[in-house]
Amino acid sequence: MAHIINKEKCIGCGSCEAECPVGAISADEDGKYVIDADKCIDCGACASVCPVEAPEPKED
Ligand code: SF4
Ligand code: SF4
C-alpha cells in the first residue's frame with residue numbers, strides 16, 4: 001500500500017515533500033509531485049498537509 005498523488009489536483013506547492021518522513025516524494029518533470037511507492041510507508045502525512053487533497057490512499 002502507498003499513497004498516490006492526483007496530478008489533476010496537485011498545484012506543486014512542495015508541502016508534502018517537506019513533510020514526508022521517508023523522503024518518498026519528489027518533484028516530477030511537469031512541476032507536479034510524485035510518490036515513490038517503494039519508499040512510501042502510508043503514514044498519511046502528505047494527505048494531511050496538502051491544501052488541495054491531492055495525495056490519496058491507493059490499494060495495490
Ligand atoms: S503517505 Fe507518508 S510515507 Fe507515503 S508519501 Fe505520504 S508522507 Fe510519505
Ligand atoms: S502538498 Fe499537495 S499540492 Fe502541494 S505538492 Fe504535495 S500533492 Fe501537490
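Is E53 buried or exposed? Keep that in mind as you set up the viewer; the tour comes back to E53 further on.

**Setting up**

This is a predicted model, in which local features need pLDDT of at least 70 and side-chain atom pairs count only at pLDDT 80 or more, while totals for chains, interfaces and linings use all residues. Residues are numbered from 1 along each chain as its sequence is written, and chains are lettered from A and ligands numbered from 1 in the order in which they are written.

**The whole chain**

Start with a cartoon view of the protein. You should find two helices and four strands, in the order β-α-β-β-α-β from the N terminus on. The radius of gyration is 10 Å, close to the 10 Å that the globule rule gives for 60 residues, so the protein is as compact as a globular protein of that length. Helices (H or I, at least four residues) and strands (E, at least two) are DSSP runs, numbered from the N terminus. The radius is taken over C-alpha atoms, and the rule is 2.2 Å times the number of residues to the power 0.38. Along the principal axes, the C-alpha atoms fill a box of roughly 25 × 20 × 20 Å.

**Strands β1 and β4**

Next, select residues 2–5, strand β1. H3 and I5 point to one face and are buried, whereas A2 and I4 point to the other and are not. Buried here means 20 or more other C-beta atoms within 10 Å of the residue's own; exposed means 12 or fewer, and partly exposed is in between, with C-beta atoms placed from the backbone. Now add residues 55–58, strand β4: four bridges join β4 to β1, and the two run antiparallel. Strands pair if DSSP finds at least two bridges between them. A2 has K58 as its bridge partner in β4.

**The core**

Select I5, C10, C16, C20, A24, I25, Y33, I35, C46, C50 and A54 to light up the largest nonpolar core. Such a core is a set of buried Ala, Val, Leu, Ile, Met, Phe, Trp, Tyr and Cys residues joined through C-beta atoms within 7 Å. Zoom in on I35: not counting residues up to four places away in sequence, I35 touches A2, H3, I4, I5, A24, I25 and C40. A contact means C-beta atoms, placed from the backbone, within 7 Å.

**The two ligands**

Show ligand 1, which 15 residues surround; the closest are C20, C40, C43, A45 and C46. Then move to ligand 2, with 14 residues around it, of which C10, C13, C16, C50 and A54 are the closest. Shell residues have a C-beta atom, placed from the backbone, within 6 Å of the molecule. Color by class and the shell around ligand 1 divides into 11 nonpolar, two polar and two charged residues; the shell around ligand 2 has 11 nonpolar, three polar and no charged. Ala, Val, Leu, Ile, Met, Phe, Trp, Tyr, Cys and Pro count as nonpolar, Asp, Glu, Lys and Arg as charged, and the others, Gly among them, as polar.

**Helix α1 and two loops**

Pick E19 in helix α1 (residues 15–19). E19 touches A45, C46 and V49, leaving out residues up to four places away in sequence.

Then go to D42, in the loop between β3 (33–35) and α2 (45–49). Phi of D42 is near 65°, a positive value in a residue other than glycine.

Finish at E53, in the loop between α2 and β4, where phi is near 55°, also positive. E53 is exposed, because 11 other C-beta atoms lie within 10 Å.

Technical notes:
Two residues are in contact if their C-beta atoms, placed from the backbone, lie within 7 Å.
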